[in-house]
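Work through the exercises below with the model open. Try each task before reading its solution.

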Amino acid sequence: MLANPPGAQLFCPQPVVKIKILRIFTVTFFALSIFAFESGAAASIERSVSPSGQFVIYGGDAAWRGAVSALAERTKANLLAVLQRRDQWTTAAVINLQPRAANLPENPTAALRFSQTGSGLKLQLDLTISGEMNLGAMERELLRMILLEMIYRNQTAIPSGEAYVEVPDWLIEGLLALTLNRDRLPLSNALAVSERITPLDEFLRERPELLDSAGRLLYRANSFALVQLLVESADGHARLGRYIDNLAFASNNPLADLQAAFPQFAGNDFGNVWKSQIGGIKSSEPSDLLTFSHTDEKLVALLQTKFSSGDGRDKSLSLEDLCQKKPTPVQRMALQKFSQEFTLLAAHANPILRSIVQDYQQLAVQLALGKNRAAGARLTELKALRSRLSERMTEIDDYLNWFEATQLSTPSGLFEDFLNTSSAASPSAAHRKDAFSAYLDAMEEQF
């Protein structure tokens, strides 16, 4: 055994141990404080998620993020209403709000970043927010981003660095103009002022960013006319949706791509239908809608159209007759022209009958394609529906006339012309001068 001398210590002195522990604690606390600071800085970046979950908005304050979220959701809802689809998004989109930099005035107000990463597609829209920002331009870029997600939703095998297709500008402008409650009077005026109808192939290749303000307005008007024509064609909503889905494989010939998606417009007739569509919008005023009775009269006159039998005989065929047989090439051309007449009528038809006019137009297109299955039954259903609507409108007119004549405390003046005419047609009898009549007149004056 080893003996310790008196007063010797085997271990280090206690103050040294305390100093080392204090150093370790200080270093650990400093490191944790740095980590907490960095975590707090990362958490300070505020974000908002739209109700559908598709749009994640960063930057700005809560009011800006809420406004952009509402606009993005409304833009998507309008698109889905036109396409008659449900919301089936798969790729979330990042919207980055950033203030305008005074030293970088050349920065664009909106920049869309679209790329393929290892984890999939990346969609990011950078928006420069300011008091004078253009709401229409923001809505346009949001729709462009939503359409890109639709186009590449199922295209997951595209390698990084592959060139991506641009959404056609005419499609964006036309879909925006077709939105419900959108003011289209400037578009109609732009078409009415222009004397030249741009050929469809030329219009599809135009670049609106190279046009002046008047040219861009005309471009938006033509875009509205084209998208409306496509949507109102046979199975137009679904065909337009499939056209958007296949834009990833679009060729350098936009007209051929359109005709492939809408076979009813294949051939040289597409140009003629396009001119008829522009002419119909030119001649129709949005505020000059026909009444129910006038729309029904024009519809009845249109349904009385007769078609050539096609066998050289003088016998003519009605629309009901063509529902029972395959049309000849001559009859198909007549049916195509017949469907265009319905399109023109639908542009200014009474809202109650507009959907029925569009149903007749689609039926004529189906017959022109040789698809007459169940066409006769559909024609009978439309006829019965028109009859019920006419009876109901007659009842409504009769009730309003009765209410006007008997229930109103003050006359509205709607029947004054009729009453004046009736009074003039049946003048009152001459006043009698006999004794009995004189007595009655005296009693009337006293009482």
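**Exercise 1. Helix α2**

Task: list the buried residues of α2, then check the helix length against the expected rise per residue.

Solution. Start with burial. In this predicted model, the buried residues of α2 are R65, V68, S69, L71, A72, E73, T75, K76, L79, L80, V82 and L83. Next, the length. Helix α2 covers residues 62-83, which is 22 residues. At 1.5 Å a residue, the expected span is 32 Å. The C-alpha atoms at its ends are 32 Å apart, so the two values agree. Last, look just past the helix. Q84 follows α2 and has a positive phi, near 55 degrees.

**Exercise 2. The chain as a whole**

Task: how many helices and strands does the chain have, and what share of its residues is buried?

Solution. Count the elements: 17 helices and seven strands. Then take burial over the 447 residues of the chain: 35% count as buried. Now turn to contacts. Take pairs at least 6 apart in sequence; 67% of these contacts join residues at least 24 apart.

**Exercise 3. One face of α11**

Task: find where the buried residues of α11 lie around its axis.

Solution. First, check the length. Helix α11 has twelve residues, 292-303, and should span 16 Å at 1.5 Å a residue. Its end C-alpha atoms are 16 Å apart, which agrees. Second, list the buried residues: F292, T295, D296, L299, L302 and L303. Third, look down the axis. The buried residues of α11 fall within an arc of 125 degrees, so they line one face of the helix. The spacing rule behind such a pattern is general. An α-helix has 3.6 residues a turn, so residues three or four places apart point the same way. Finally, find the partners. The buried residues of α11 pack against α12 (319-322), α13 (329-347), α14 (351-368) and α15 (375-406).

**Exercise 4. Two crossings of α7**

Task: describe how α7 packs on α10 and on α8.

Solution. Two packed helices are described by the angle between their axes and the distance between the axes. Take α10 to begin with. The axes of α7 (residues 213-231) and α10 (residues 269-283) come within 10 Å and cross at roughly 115 degrees. This crossing of α7 and α10 is right-handed. On the α7 side, the contact uses N222, F224, A225, L226, Q228, L229 and L230. On the α10 side, it uses F270, V273, W274, Q277, I278 and I281. Sort the contact residues of α7 and α10 by class: ten nonpolar, three polar, no charged.

Now take α8 (residues 236-245). Its axis and that of α7 come within 7 Å and cross at roughly 115 degrees. V227, L230 and V231 of α7 meet G236, H237 and L240 of α8. By class, the contact of α7 with α8 has four nonpolar, two polar and no charged residues.

**Exercise 5. Helix α9**

Task: is α9 enclosed or open?

Solution. Count burial. Six of the eight residues of α9 (residues 254-261) are buried, so the helix is largely enclosed by the rest of the structure. The buried residues are P254, L255, D257, L258, Q259 and A261. They pack against α4 (169-177), α6 (200-204), α7, α8 and α10.

**Exercise 6. P327**

Task: is P327 buried or exposed?

Solution. Locate P327: it sits in the loop between α12 and α13. Its relative accessible area is 10%; the cut-off for burial is under 20%. P327 is therefore buried. Not counting residues up to four places away in sequence, P327 touches R332, L335, L367 and G370. P327 and G370 are 43 residues apart in sequence, yet 6.4 Å apart in space, C-alpha to C-alpha.

Note on methods
Residues numbered from 1 in each chain as written. Predicted model: local features only at pLDDT ≥ 70, side-chain atom pairs only at ≥ 80, totals over all residues. Heavy atoms only, no water. Helix = DSSP H or I, 4+ residues; strand = E, 2+ residues; numbered from the N terminus. Expected span 1.5 Å × (residues − 1). Buried < 20%, exposed > 50% of the residue type's maximum accessible area, 1.4 Å probe, protein only. Arc of directions from axis to C-beta. Contact = heavy atoms within 4.5 Å. Axes fitted to C-alpha atoms, helices over the stretch in contact; angles between N-to-C directions. Left-handed = near helix turned anticlockwise from the far one by under 90°. Nonpolar A, V, L, I, M, F, W, Y, C, P; charged D, E, K, R; others polar.
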